[in-house]
Amino acid sequence: MTNVASFTSPLTITGGGTVWFTGLPSAGKSTLSRAVADRLPAGRVELLDGDEVRRTLSAGLGFSRADREANIDRIGFVADLLARNGVLVFAAVISPFRAAREQVRRRHRASGTPFVEVHVATPVEECAERDVKGLYAKQRAGAITGLTGVDDVYEPPPAPELRIDTRGNTVDDSADAVVALLREKGILR
């Protein structure tokens, strides 16, 4: 049996840019961003995972609107800084507010850095079923409030470059769609 992958040429990163994965908790943002990153050459890709950033760069921020906007702004600043210096950045961040995501896009536009928004549009019912971190169970039990998409706002992007509903796709299918978009945008070849 012949390995089909051996016939495909390896992907090449043409320059820096940011791919912003947004969606509800447990939508699959981190899983998808890692799957795409795993297909690319090491050393020129950086993953900014929202949970990791909250423990480090945004430690001390809470979940008020102002704190969530500050978190998005910090991640956007770091993403743009890295991207301007030739790194392909995957930011896997809930980022519930449309205006805050648009501010990140404007920052990239001002620096001439490519920015692509991917809405991981998994419905809240599916996210609650997955419940990777147990947040939906905690919210139902009354242990937490302010869960994005349940009892706090999530503003879906009106026109992302790519919208993926992970219910009907495998991780590989979804990663293929992201890679195809990045090739179309000239970020990969």
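## A buried arginine and its surroundings

Arginine 105 counts as buried, because its relative accessibility is 13%, and the cut-off for buried is under 20%. Keep in mind throughout that this is a predicted model.

What does arginine 105 pair with? Arginine 105 forms a salt bridge with glutamate 102, and the closest N and O atoms are 3.6 Å apart. Both residues belong to helix α4 (residues 98–111), where they sit 3 residues apart, about one turn of the helix. An α-helix has 3.6 residues a turn, so residues three or four places apart point the same way. Glutamate 102 is partly exposed, with a relative accessible area of 28%. The two residues also take part in a network of salt bridges that links Arg101, Glu102, Arg105, Glu117 and Glu161.

### Salt bridges elsewhere

Side chains of opposite charge can pair when their charged atoms come close. In the whole structure, a search finds 14 salt bridges. Three of them are set out here, with the N to O distance for each pair.

| Salt bridge | Distance (N to O) |
|---|---|
| Arginine 105 and glutamate 102 | 3.6 Å |
| Arginine 130 and glutamate 126 | 3.3 Å |
| Aspartate 172 and arginine 39 | 3.4 Å |

Arginine 130 and glutamate 126 both lie in helix α5 (residues 124–130), 4 residues apart, about one turn of the helix. Arginine 130 counts as partly exposed at 30% relative accessibility, and glutamate 126 counts as partly exposed at 26%.

The side chains of aspartate 172 and arginine 39 meet in a salt bridge too. This pair links distant parts of the chain, 133 residues apart: aspartate 172 is in helix α7 (residues 171–184), while arginine 39 is in the loop between α1 (29–37) and β2. Arginine 39 has 31% relative accessibility and counts as partly exposed.

### A strand covered on both faces

Now to strand β3. How many of the residues of strand β3 are buried? In this strand (residues 88–92), 5 of the 5 residues are buried, so β3 is largely enclosed by the rest of the structure. Leu88, Phe90 and Ala92 are buried on one side, and Val89 and Ala91 are buried on the other, so to speak a strand with both faces covered.

Which strands pair with β3? Strand β1 (residues 17–22) pairs with β3 in the parallel sense over 5 bridges, and valine 19 stands opposite phenylalanine 90. Strand β2 (residues 45–49) also runs parallel to β3, joined to it by 5 bridges. Here leucine 47 is the residue that stands opposite phenylalanine 90.

### The nonpolar cores

In soluble globular proteins, nonpolar side chains tend to be buried together. The largest nonpolar core of this model has 30 residues, and those with the most contacts inside it are Leu40, Leu88, Phe90, Val118 and Val178. The elements that give two or more residues to this core are β1, α1, β3, β4 (115–120), β5 (162–164) and α7. The largest share, 5 residues, comes from α7. Apart from this core lies another, of 14 residues, among them Ile75, Ala79, Val93 and Phe115.

One residue to look for in the largest core is valine 178. Leaving aside residues up to four places away in sequence, valine 178 touches Phe21, Leu32, Val36, Val118, Leu162 and Ile164.

### Helix α7, one side inward

Helix α7 has 14 residues and reaches 20 Å from its first C-alpha to its last, close to the 20 Å expected at 1.5 Å a residue. Which residues of α7 are buried? They are Ser174, Ala175, Val178, Val179, Leu181 and Leu182. These residues cover an arc of only 160 degrees around the axis, which puts them on the same side of α7. What covers them includes β1, α1, β3, β4 and β5. Glycine 186 follows α7 and has a positive phi, near 80 degrees.

### A last stop in helix α3

Valine 78 has its place in helix α3 (residues 65–84). Is valine 78 buried or partly exposed? With a relative accessible area of 21%, valine 78 is partly exposed, since buried means under 20%. Not counting residues up to four places away in sequence, valine 78 touches Leu48 and Leu57. Valine 78 and alanine 91 are 13 residues apart in sequence and, C-alpha to C-alpha, 9.8 Å apart in space.

Definitions and conventions: Residues numbered from 1 in each chain as written. Predicted model: local features only at pLDDT ≥ 70, side-chain atom pairs only at ≥ 80, totals over all residues. Heavy atoms only, no water. Buried < 20%, exposed > 50% of the residue type's maximum accessible area, 1.4 Å probe, protein only. Pairing = 2+ DSSP bridges. Salt bridge = Lys/Arg side-chain N within 4 Å of Asp/Glu carboxyl O. Core = buried A, V, L, I, M, F, W, Y, C linked by side-chain atoms within 4.5 Å. Contact = heavy atoms within 4.5 Å. Expected span 1.5 Å × (residues − 1). Arc of directions from axis to C-beta.
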